[in-house]
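Let's take a walk through this structure together, one region at a time. Have the sequence and the model open beside you, and feel free to turn the view as we go.

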Amino acid sequence: MVRNALGQVALEIRHLGKSFGAVQALKDVSFSIQKGEVVALLGDNGAGKTTLVRCLAGIHQPDRGDMLFNGQPVQLDNPQQARALGIETVFQDLAMVPEFDIAANLYLNREILSKNPLLRAIGWLDKAAMARQARKSLHRLNSRMPDFSARVQSLSGGQRQAIAIARAVNWGADLVIMDEPTAALGVEQSAQVNELIRLISSQGVAVLLISHNMQHVLETCDRAVVLYQGCSVADVALGDVTKEHLVALITGAAKAA
Ligand SMILES: Nc1ncnc2c1ncn2[C@@H]1O[C@H](COP(=O)(O)OP(=O)(O)OP(=O)(O)O)[C@@H](O)[C@H]1O
């Protein structure tokens, strides 16, 4: 069910490794994601998922292996570099300021400054422009917000997740990484987030999704990469596997064919 099989690889990882002292969090991880593909990153506790995501987000630097993004070898020394390349990560805490409104959160750390040079010089924000753009971004993702001036703390978990996803794609991300995007959500809100994931993938964005929820993975993803003790041990099309087989791959009870 690849929705936008452009056949272009967005991300390729070859034999990635990362150690923390004597702990080899990642030993040998290789896989790739095409544009418009939704790939699940699965693994038991301690398998290395967070470490891998942090390497892709520019927070950790791998000690071994290669990362290619849009065909080019990349070295991500910090999160700003990852974002500048088009890799956005939506972490579980969503990195929002609850007291700020929707637009302020969408433009967090990327605020639009006033066009007036004097006001610009003192860091004056163009709040009207941010509000306008925020409406457009959320509209593009078919997300309805009850009140755009509402503080984020008054929104539902699903609405906050939608803002975090809109923020990620707003900056022209080619790859969006999501850490358990529906873990804290109810059934209806999870369905809305799944819709959003489908929508951005249909627009050519590659999505890497970390989830412990097999049902969610089977419903949302095209493929799954399984990490086991720091190694990528399986890369399976989800049309070809059962939930039980996935669980067996995660726990090491089954080996990939
Ligand atoms: N900063 C660190 N210092 C030392 N060891 C670490 C560090 N970060 C991760 N590890 C170790 O690396 C291994 C992989 O951890 P990681 O958090 O990447 O796994 P995970 O798959 O995300 O697990 P979980 O699902 O429990 O979050 C674990 O053994 C962990 O203890």
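In which loop is Gln229 found? Gln229 sits in the loop that runs between β9 and β10. Keep in mind throughout that this is a predicted model. The backbone at Gln229 deserves a look, as its phi is near 45°, a positive value in a residue other than glycine. Most residues other than glycine have a negative phi. As for its surroundings, Gln229 has 15 other C-beta atoms within 10 Å and is therefore partly exposed.

Glu180 invites a similar look. Its phi is also near 45°, again positive in a residue that is not glycine. You will find Glu180 in the loop between β7 and α7. Glu180 has 17 C-beta neighbours inside 10 Å, so it counts as partly exposed.

Now step back to the overall layout. The domain assignment of the protein divides it into domain 1, made of 1-86 + 173-257, and domain 2, which covers 98-172. Their C-alpha centres are 27 Å apart. Where the two domains meet, domain 1 contributes 14 residues to the contact and domain 2 contributes 12 residues. On the domain 1 side, the largest share comes from helix α7 (residues 187-202), with six residues. By class, that side of domain 1 has 10 nonpolar, three polar and one charged residues.

Next, let us follow some strands, beginning with β8 (residues 206-210). Is this strand enclosed or open? Five of the five residues of β8 are buried, so the strand is largely enclosed by the rest of the structure. In a regular strand the side chains alternate between the two faces of the sheet. In β8, Ala206, Leu208 and Ile210 lie on one side, Val207 and Leu209 lie on the other, and all of them are buried, so that both faces are covered.

Which strands pair with β8? β3 is one of its partners, joined to β8 in the parallel sense over four bridges, and here Ala40 stands opposite Leu209. β7 also pairs with β8 in the parallel sense, over five bridges, with Leu175 opposite Ala206. From β7 (residues 175-179) you can move on to β6, since these two strands pair in the parallel sense over four bridges. There, Thr89 of β6 stands opposite Ile177 in β7. Strand β6 (residues 87-90) has Ile87 and Thr89 pointing one way and Glu88 and Val90 pointing the other way, and all of these are buried.

Helix α9 (residues 243-251) comes next. Its buried residues include Leu246, Leu249 and Ile250. Seen down the axis of α9, the buried residues fall within an arc of 100°, so they line one face of the helix. An α-helix has 3.6 residues a turn, so residues three or four places apart point the same way. The face of α9 turned away from the buried side carries the exposed residues Glu244 and Thr251. Among the elements that cover the buried residues of α9 are β3 (38-43), α8 (214-220), β9 (223-228) and β10 (231-237). Just after α9, Gly252 takes a positive phi of about 85°.

Now turn to the ligand. Which residues surround it? The shell consists of Phe20, Val23, Ala25, Gly43, Asn45, Gly46, Ala47, Gly48, Lys49, Thr50 and Thr51. Both β2 (23-34) and α1 (49-56) supply at least two residues each, and the largest share, three residues, comes from α1. Sorted by class, the shell has four nonpolar, six polar and one charged residues.

One last stop is Leu68, which lies in strand β4 (residues 64-69). Leu68 has 15 C-beta neighbours inside 10 Å, so it counts as partly exposed. Leaving aside residues up to four places away in sequence, Leu68 touches Glu12, Pro73 and Val74. Leu68 and Arg14 are 54 residues apart in sequence, while their C-alpha atoms are 8.4 Å apart in space.

Notes:
Residues numbered from 1 in each chain as written. Predicted model: local features only at pLDDT ≥ 70, side-chain atom pairs only at ≥ 80, totals over all residues. Domains from an automatic or database assignment. Contact = placed C-beta atoms within 7 Å. Nonpolar A, V, L, I, M, F, W, Y, C, P; charged D, E, K, R; others polar. Buried ≥ 20, exposed ≤ 12 C-beta atoms within 10 Å, placed from the backbone. Pairing = 2+ DSSP bridges. Arc of directions from axis to C-beta. Near = placed C-beta within 6 Å.
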